Amino acid sequence: MMRYTVVRGGLGLLTVRRAVLSPRFSHSSPRSEYRPIKKVMVANRGEIAIRVFRACTELGIRTVAVYSEQDTGQMHRQKADEAYLIGKGLPPVAAYLDIPNIIQVAKDNNVDAIHPGYGFLSERSDFAQACVDAGVMFIGPSPETVRKMGDKVEARSLAISAGVPVVPGTDSPISCLQDAQVFAETYGLPIIFKAAYGGGGRGMRVVREYEVSRRAVKRVAGGRLVGYENAGTVEFLVDRNNKHFFIEVNSRLQVEHTVTEEITDVDLVHAQLHVCEGRSLPELGLKQDKIRVNGCAIQCRVTTEDPARGFQPDTGRIEVFRTGEGMGIRLDSASAFQGAVISPHYDSLLVKVIASGKDLQTAASKMSRALAEFRVRGVKTNIPFLQNVFNNHQFLHSTVDTQFIDENQELFNLKPTQNRAQKLLHYLGHVMVNGPTTPIPVKAKPSSIDPVIPPGDPPIGFRDVLLRDGPEGFAKAVRAHQGLLLMDTTFRDAHQSLLATRVRTHDLKKISPFVSHNFSNLYSLENWGGATFDVAMRFLSECPWKRLQELRALVPNVPFQMLLRGANAVGYTNYPDNAVFKFCEVAKENGMDVFRVFDSLNYLPNMLLGMEAAGAAGGVVEAAISYTGDVSDPMRQKYSLDYYMNLADELVKAGTHILCIKDMAGLLKPQSSKLLIGSLRDRFPDMPIHVHTHDTAGAGVAAMLACAEAGADVVDVAVDSMAGMTSQPSMGAMVACTKGTELDTGIALEKVFDYSEYWEVARGLYAPFDCTATMKSGNADVYENEIPGGQYTNLHFQAHSMGLGNKFKEVKKAYVEANKLLGDLIKVTPSSKIVGDLAQFMVQNNLTRAEVEERADELSFPLSVVEFLQGYIGIPHGGFPEPFRSKVLKSLTRIEGRPGASLPPMDFKALERGLQAAHGEDITPEDVMSAAMYPKVFQEFKDFTANFGPVDCLSTRLFLDGPKIAEEFEVELERGKILHIKALALGDLNKAGQREVFFELNGQLRSVLVKDTVAMKEMKFHPKALKSIKGQVGAPMPGKVVKGQPLCVLSAMKMETVVNSPVAGTIKAVHVTTDSSLEGDDLILEIEE
């Protein structure tokens, strides 16, 4: 009875073969007295115990299980008729090695026979003898046979005396290095060191060149030399010439016995029991000439081991367990079920999967299908590795030898499991226990009403013109258009100003088809860039690129517009020039059309770089002049009409397609609008002019009407329910005021009402972020303090959150003084933040402008202020304020010229490789750009999604507030894949500081354990190693600390792992002792570099 299987190893041999030892080889063997077995104990656990119980039940034999204190919840004790605790107070493994206790339980409960399974006591002759001495049958060979076969050296000698070829080896155990060296010099390398009395594979070590086979799958051959009875195996290697070489004998049932059973139709456990009763092989119908091999069978051991980490065992709670079944599949399970806790104390086997078919390819295809059906969540498994093996052409069609895995390292290119449903349940449970993951400014609940989506179908829009005629043709079409064009900021700047940039892609997608169908004559839809890029990852846990891609698919006819911060791209710092160019290129590829390029100081070199990058990517370049001051006030001459006209000359000369005035604080009054826009129109009659403003003072509609009348082609608006205050002027008001005039927008007012109704309800979902929670109206004092719209809202929030709500007036006054201290700046991100930081610094420290100037050389200013004065964001119009700058900087470095010009090019290939090493191969060009712009934010975003999955699939109320108990809802993961979820219950706090949250998912009960962050603050837990700190060494796997070098050795599930130092340095602190029990990533020690 033979089968071929793959092994891992380094002996350069073809395979390892195993054949079943036949008990009672001849008819002339002395016949034992027949003693029927009525009750069997299995002195083992897990899968093999269950396998024997099933055989006993089929034969009408009563079964007895034994279990350790750690195994009270294991399946094997539930499968037996009776179950008894053994090894009370002993360590987990020692309990199953406690021979006196096991024998006593057998005697106390009238057990007839004991089956040892495999592992533990199965090859202990003293255990077999103890059974005999107690009058209990041992289901296996005689004690003497077990002793001889357990001694690997004696077994080898017996094989030699029987004329069986053996692998070259020492005749007796070696005791010194010299003996090993002599052997190596005689036979050459590689050689294997193997424990003389067995070691379950852990004692095997290969010297040099090759790695030893990891739990190599073996074969069994038979022999009569020692009067062997019952099942056993003889292992030998087979070389390319089909020569056999003896290795050892295992005097027990083998792990892989299921393969023999499937291809021969012989139940080996039944046979073991009958032979133990005294029956012969002929009586059982087992004659060698009648045994036929039928087809092919393959066994896979599904274990809780992580192939990506050298097959280190994983532990934890199984949250989901679903098997692969069907024709040709046999499952021998251990303790795999939903809710099972996998401990580090025992073997990592979950289930043995056996596939059978007419040939290797048939069996392999069934195995592949079965493995694909498995769903195991909560612990890592080796399933991805096994799937790679069954997709390997060499494995399926060629001869496979012991070098197979070493020579096919692509087997370790593991496809990550999605596990989306369970991750989402974790997220929902986390929100139910701990509240929202995104910071909530005010205590307000999201609306419970979901917005209604109005219907409609899409006509041709301005994007069709852009795609057909290119950026230059697009600009000409805009200029030639009759009537006023509108840009809708609802998808970006409106919610940035009113709702702290918190609107999610989920709600933008819902209304996008309506916008596409009913607002096709919009100049553009502003939906990307600026603060939305990092906030998407930082607070909404969604990919900004995915937002762009999905919206593009839903709105194919309206141009998309983004905000590009010149040389700062979408960040708050300087980037190498090639990073800005690459960003624009990738944005254009993902559907971006119009790039509004600005600089927070109107610093021309920074703007020109952004314009060049957007143009090189094939985008429409809209150069934006940031507006401040008042061109109609002759007393304010720093930012005069001439200043803006001269800057416009430079931008037009540089090749901008569209010229924009960016009034980020809403300072344009009707008179100044007419003066500035009228002058620009006269100077540049063929240049499209676009005007952006905020409605903080309430005069936004009047100002934009004045701009339109003076010659502006496009003005910015937001839909009515998202307009006003620090947002843009009302779309409905502009449509109504221009209707029937030469400026008619061509937009149907009733469609604006429908659009506004959607956002009125949607805005309620974001109540915790709504500026109206603390700010009830706009304020004309913006003409004095010049605070940009979005920053006005943020400062208001910050003042209230810090308990300074009553001091907001002081903050606004301090903003004016801070602006003067810094030389009267153009104020837009990031320059506006610098002014705001200085203003809050002055309020918190009760400083006047005069005091700041006087004490500038001794005060500790905010970092943003210091870096601005150093020149990190560019040079302001009129230069830096002196002597204030010199007093603050003293001897600090000063940057001359464009800050990013001196930065070395970014190595995108190296960045991509680093991301792949950290997050797997599935890294996109978009991911690389996200990491280039915001390395830390992107890392945190990837960590979040690894834990909680695609939370962007959730509705906003569920994302922010979680479900209510007994609430039923649906989540669409992708087209055709919908989860039906019901929140059932929230459990009490357990000893680990967790609460169990129960759900019903697609009709099945699911639960997740969630750490209660509030409760855990009052409980003591082992600290975790921080991945961001190189000197903190975390446990690579759960386990116990044992003595060893270099740092320590962890032991779990028959595996010992050496923990090495990741850096050179001095040990600062040690957080473990010998026998400490650790979980994965628990902090072991800290190293100071």
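The largest nonpolar core of this predicted model holds 182 residues. Six of them touch the most other members: Phe583, Leu680, Tyr755, Trp759, Phe861 and Met933. Helix H15 supplies the largest share of this core, with 8 residues. A core of this kind is a set of buried nonpolar residues joined through side-chain atoms within 4.5 Å.

Take Met933 as an example. Leaving aside residues up to four places away in sequence, Met933 touches Phe533, Ala569, Val570, Tyr575, Ala579 and Phe583. Phe583 is itself one of the residues that touch the most other core members.

There is also a second, separate core. It has 34 residues, including Cys300, Ala336, Ile342 and Leu350.

Now return to helix H15. It spans residues 420-434. What does H15 lie across? The helix crosses strands E29, E30, E31 and E32, and it runs at about 55° to E32.

Those four strands make up an open sheet. Strands of a sheet pair through backbone hydrogen bonds, either parallel or antiparallel. Here the pairing is antiparallel, and the order is E29-E30-E31-E32. Which strands sit at the edges? They are E29 (968-974) and E32 (1004-1011), and each pairs on one side only. Neighbouring strands are turned by 35° against each other on average, direction ignored.

Look more closely at one pair. Strand E31 covers residues 994-1001. E31 and E32 are joined in the antiparallel sense over 8 bridges. Within this part of the sheet, Glu1000 stands opposite Leu1005 in E32. Strand E30, residues 977-989, is also among the strands that H15 lies across.

Technical notes:
Residues numbered from 1 in each chain as written. Predicted model: local features only at pLDDT ≥ 70, side-chain atom pairs only at ≥ 80, totals over all residues. Heavy atoms only, no water. Pairing = 2+ DSSP bridges. Helix = DSSP H or I, 4+ residues; strand = E, 2+ residues; numbered from the N terminus. Axes fitted to C-alpha atoms, helices over the stretch in contact; angles between N-to-C directions. Contact = heavy atoms within 4.5 Å. Buried < 20%, exposed > 50% of the residue type's maximum accessible area, 1.4 Å probe, protein only.
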